[in-house]
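This report goes through selected residues, one helix and one pocket of a protein model. Keep the structure open while reading.

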Amino acid sequence: MDDRTDVLVIGGGATGTGIARDLALRGVDVTLAERGGLSSGTSGRSHGLLHSGARYAEADGPEARACLEENRILRNIAGDCIRDTGGLFVQLADDEPAYFEAKRAACEDVGIPTEIVDGESAREAVPGLAADVERAMRVPDAVVVPSRLVAANAADAREHGARVRTHAPVTSMTVENGQVTAVTLGGDASETLRPRYVVNATGPHAGRVAEMAGVSVSMRPTRGVMVSVEYAGLEPVLNRCREPDDGDIVLPHDGEVVLGTTSVPVDDPDDYERADWEIERTVEECASMLPSVAESERVRTWWGVRPLYEPEEAARGGRGISRGFHLLEHADEGVENCCSVVGGKLTTYRRMAEATADLVCDRLEVDADCETAERRLPGASDPARLDEFVRRFDGQGPTDADLVGR
């Protein structure tokens with residue numbers, strides 16, 4: 001068995017599989033290694049919002065534009081990995097009107113389509129909406145089915161020559177003369193690879209994986225709870241139009257809604273408290289927008305861990321709502337053939353992958369352009385095929401357990 005590979009991508013979430021797909025489409029020999037099943041980390045434990053950019057518009061115009069662009073690209077390439085629900089930012093009686101106006105103006109500046117409706121019209125469009133909703137703003141949000149999205153990226157990567165190793169944790173790296181020369185995989189893989197280049201796309205675990213190569217990535221992960229409750233008939237994503245806080249988003253699923261979320265720092269992304277107060281606060285706050293969810297039967301509860309980059313979080317000085325991504329080369333630490341990609345969000349995974357693949361191709365002197373913004377994902381128009389990809393890569397996550405066929 002040939003243990004050589006041009007690029008080893010570590011991490012099987014949206015970003016990692018997106019990088020593997022992008023590189024494979026450019027003709028690069030690539031291996032993807034994931035310690036569990038695909039999307040078993042942050043991607044598959046998110047709330048599943050496909051951002052329009054409206055959530056970030058007043059805080060970070062460039063990031064809002066990136067979300068809007070990627071939202072439009074994913075609607076074209078991802079098919080049934082996306083549910084086109086629309087979104088609604090709602091202002092309650094206790095919410096600051098000036099914040100609503102600032103967001104509306106910022107959306108206009110960014111180019112995000114909006115429509116303002118009064119409270120009565122909002123309640124007609126969304127039965128069950130709170131009586132004290134004073135007005136609302138329509139935006140082109142949507143819902144991502146992350147298990148399908150990640151698995152489809154992996155399937156396309158493999159179709160174009162990539163090797164996808166699931167249940168294959170990295171157990172060690174060997175660094176010699178400023179190069180990662182060997183990476184050992186455990187679990188089902190049980191092999192040692194000799195890559196020309198290594199990409200660390202392990203989300204909140206990026207710091208630990210970087211340490212294996214003798215480099216550092218400072219992370220400040222935070223946990224957030226999601227609560228799925230029985231609720232039929234909600235169409236748009238509901239966003240509370242206020243400064244970011246706990247329990248300010250409700251996402252529609254088939255016969256359920258997902259309520260989220262909190263933001264609590266954790267030391268270990270594998271071992272952290274799952275506090276009852278987070279559940280109760282999230283339900284209570286979301287019920288301010290959609291009151292009956294407070295009494296709805298709870299179907300499942302899960303936590304996700306955000307892969308936040310510590311220097312950015314320190315600069316923001318608290319709970320920052322807008323977070324871009326960071327592509328870190330480690331040559332200045334003495335390891336020339338290794339980079340880490342951290343931060344970002346599910347909506348912009350493809351853009352993160354493109355930037356990373358551009359860097360890798362430059363370092364390997366590969367002259368090939370990115371195709372992922374135009375090339376449709378395999379199975380995009382065939383939900384059954386997408387769900388087969390999920391099963392093949394053991395990719396089921398709690399976010400979309402009610403949406404993905406088994």
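Does Met173 count as buried or exposed? The model is predicted, and in it Met173 counts as buried, because its relative accessibility is 11% and the cut-off for buried is under 20%. Met173 is found in strand β10. Leaving out residues up to four places away in sequence, Met173 touches Ile10, Val180, Ala182, Val183, Val209, Met212 and Ala213. Met173 and Thr184 are 11 residues apart in sequence, and their C-alpha atoms are 6.4 Å apart in space.

**Buried residues and their contacts**

Ser52 sits in the loop between β3 (49–50) and α2 (61–77). At 0% relative accessibility, Ser52 counts as buried. What does the side chain of Ser52 reach at 3.2 Å? The partner is the backbone nitrogen of Ala54. The side chain of Ser52 also makes a polar contact with the side chain of Asp141. Not counting neighbours within four places in sequence, the residues in contact with Ser52 are Ala64, Cys67, Leu68, Asn71, Ile112, Val139, Pro140 and Asp141.

Arg135 lies in strand β7, which covers residues 133–139. Is Arg135 buried or exposed? Its relative accessible area is 19%, and buried means under 20%, so Arg135 is buried. The side chain of Arg135 makes a polar contact with the side chain of Gln91, and another polar contact joins the side chains of Arg135 and Glu101. Both Gln91 and Glu101 appear again in the list of residues that Arg135 touches, which also has Phe89, Val90, Pro97, Phe100, Val117, Asp118 and Gly119; residues up to four places away in sequence are not counted.

The table gives the polar contacts between side chains described above.

| Side chain | Partner side chain | Distance |
|---|---|---|
| Ser52 | Asp141 | 2.8 Å |
| Arg135 | Gln91 | 2.5 Å |
| Arg135 | Glu101 | 2.6 Å |

Gly11 is placed in the loop between β1 (4–10) and α1 (14–25). With a relative accessibility of 5%, Gly11 counts as buried. Not counting residues up to four places away in sequence, Gly11 touches Gly16, Thr17, Leu32, Ala33, Glu34, Ala201 and Thr202. How many residues apart along the chain are Gly11 and Ala189? They are 178 residues apart, while their C-alpha atoms are separated by 14 Å.

**Helix α10**

Which residues are buried in helix α10 (residues 383–392)? They are Leu386, Asp387, Phe389 and Val390. Seen down the axis of α10, these buried residues fall within an arc of 150°, so they line one face of the helix. The buried residues of α10 pack against α5 (146–159). Asp394 follows α10 and has a positive phi, near 50°.

**Backbone features in loops**

Other residues also have a positive phi. Glu365 is in the loop between α9 (349–364) and α10. Although Glu365 is not a glycine, its phi is positive, about 60°. Glu365 counts as exposed, because its relative accessibility is 74% and exposed means over 50%.

His167 lies in the loop between β9 (163–165) and β10 (170–176). The phi of His167 is near 50°, again a positive value in a residue other than glycine. His167 is partly exposed, with a relative accessible area of 28%.

Where is the cis peptide bond that has an omega of about -10°? This bond joins Gly260 and Thr261. Thr261 has its place in the loop between β16 (256–260) and β17 (264–265).

**The second largest pocket**

Rolling a probe the size of a water molecule over the atoms shows where empty space is left. The second largest pocket holds about 160 Å³ of space. It is lined by 13 residues, of which Pro204, Gly207, Arg208, Asp267 and Pro269 are the closest to its centre. How many residues of each class are in this lining? The lining of the second largest pocket has 5 nonpolar, 3 polar and 5 charged residues.

Conventions. Residues are numbered from 1 along each chain as its sequence is written. This is a predicted model: local features need pLDDT of at least 70, side-chain atom pairs count only at pLDDT 80 or more; totals for chains, interfaces and linings use all residues. Side-chain values use heavy atoms; hydrogens and water are left out. Buried means under 20% relative accessible area, exposed over 50%, partly exposed in between (1.4 Å probe, protein chains only). Helices (H or I, at least four residues) and strands (E, at least two) are DSSP runs, numbered from the N terminus. The arc is that of the directions from the helix axis to the C-beta atoms. Contact means heavy atoms within 4.5 Å. On a 1 Å grid over the protein atoms alone, a cavity is a set of points where a 1.4 Å probe fits but cannot get out, and a pocket is an open set with protein on both sides within 12 Å along at least five of seven lines; lining residues have an atom within 4 Å of a point. Grid points are joined across faces, edges and corners, and a volume is the space filled by probe spheres set on the points. Ala, Val, Leu, Ile, Met, Phe, Trp, Tyr, Cys and Pro count as nonpolar, Asp, Glu, Lys and Arg as charged, and the others, Gly among them, as polar. A polar contact is a pair of N or O atoms within 3.5 Å; within protein, one must be able to donate a hydrogen and the other to accept it, and residues adjacent in sequence count only if both atoms are side-chain atoms.
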